[in-house]
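Trainee: Could you take me through one part of this protein up close? I'd like to follow a single spot and then see what lies around it.

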Amino acid sequence: LLPYEQLFEAGQILQKVMAASSRRIGVIASGDLSHRLLPTAPAGYSPRGQEFDEQVMKIIEEGQLERLKDLDKDLINKAGECALRPLLILAGILSEQDFSSAVLSYEGPFGVGYGVALFAPGSVSPPDLARQAVQNYLEKGEIMEPPPQLSEFLEKKAGAFVSIKDRKGNLRGCIGTLEPTQKNLAGEIIRNAVQSAFHDPRFTPVKNEEMADLVFSVDIIHPPEQVSSLDQLDPDQYGVIVKRGAQKGVLLPDLPGIDSAEEQLAIARQKAGLDETADLEIYRFRVERFMQE
C-alpha cells in the first residue's frame, strides 16, 4: 500500500535490474479490476465500477500507463479494485522504453472485471500482429484497428501475405496482397490475417481452440518486376506472378519442395488456371519474411 509514485519508482528500479541481466525476463502484473460491476458482485454494486474498468482498459490499449497515476481518487475508491498497484509497477518498468500494447480480452461475468493485455518491448512484430488480429476476430467478430503506437516499418505501405500453419507444418490458410490496399502495413497485415484465417476457400475457418497450435508468418512484398526468361527466376530468392488477361497466379519464394524455376512456374500456372506457358506475362518479386518464434 505504498503511494502510487513510489510504486512507479519501484518499477523503474526493477527495469534497471532486468536490463542488467543476460536473461530474457517476463513480467506478470496481476490483479482484478472493479469488484462492483453487478448487484451480485462480491463487494456490492457501484455504477462507477464499469466507468473505472473502461478508463483503465482504454489507458492500457493506448499504451499510456503513466496516466494511471492521474485517475480520479473517488473513482478508484468506489470501483473496489486491486489491479491498480501492480499496473503502476508495470508502468514504471515500461516508462523508459518503447513498447507495444495489445488488449487481448475483457470480461466481467461475476461482477468482477478481468482484463488481459500484452506488452512487448519495441513495436509489435508482423507475425504477432497477425495473431492478434485473428484472436480479436474470434472474440469480437470484427477487424481490429492497428495499434496506436507503430514502428516506422509498420507505418509504411506495402502488400503482404499472411500464412498460417499448424505445428506440424500443414498449411491452414494463406492470403495476401501484392500491392497496398490499406493506409499502412499494419492494416494490411491485420486484414490479410483475417482473410487467411477465415476466408481462404481451401480450408475451414480457424477455431479458437486451434490458436495455441498455430504458427503465423508474414511476407512483405517488394515491387514486382517483369522477366523475359526462366533464367531470371530463382524459387529460393524470388516469388513469381503469372498473368494472362484477368487470370493470375502467385507463388511465394522459398517454399518446401519447390527446387526449380520450372516447378515454381508450373504451380503458379496451375493456380491461375492456365495450362500453357505461351503468351504469359511473368513477374518476379522479393519478400521480407517474418516468422513467429
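Mentor: Let's start from one serine and work outwards. Keep in mind that this is a predicted model. Ser163 sits in strand β3, which covers residues 159-166. Its relative accessibility is 8%, and buried means under 20%, so Ser163 counts as buried. Beyond its neighbours within four places in sequence, Ser163 is in contact with Gly173, Cys174, Val215, Phe216, Ser217, Asp219 and Leu252. For a sense of distance, take Ala91: 72 residues away from Ser163 in sequence, and 34 Å away in space, C-alpha to C-alpha.

Now the nonpolar packing. The largest nonpolar core has 26 residues, and Val134, Val162, Ile189 and Phe216 touch the most other members. Two or more residues each come from α5 (126-140), β3, α7 (185-198) and β5 (214-221). Helix α7 gives the largest share, eight residues. Look at Ile189: leaving out residues up to four places away in sequence, Ile189 touches Pro126, Leu129, Ala130, Leu154, Ala160, Val162, Val218 and Ile220. There is also a second, separate core of 24 residues, with Ile60, Ala79, Leu87 and Leu90 among them.

Further along the chain, four strands form an open sheet in the order β6-β9-β7-β8, with antiparallel pairing. Strands β6 (225-227) and β8 (247-251) are its edges, each pairing on one side only. Inside that sheet, β7 (residues 239-244) and β9 (residues 281-285) pair over five bridges, and Val242 stands opposite Ile282 of β9. Helix α8 (residues 261-272) lies across β7, β8 and β9, at about 135 degrees to β8.

Note on methods. Residues numbered from 1 in each chain as written. Predicted model: local features only at pLDDT ≥ 70, side-chain atom pairs only at ≥ 80, totals over all residues. Heavy atoms only, no water. Buried < 20%, exposed > 50% of the residue type's maximum accessible area, 1.4 Å probe, protein only. Contact = heavy atoms within 4.5 Å. Core = buried A, V, L, I, M, F, W, Y, C linked by side-chain atoms within 4.5 Å. Pairing = 2+ DSSP bridges. Axes fitted to C-alpha atoms, helices over the stretch in contact; angles between N-to-C directions.
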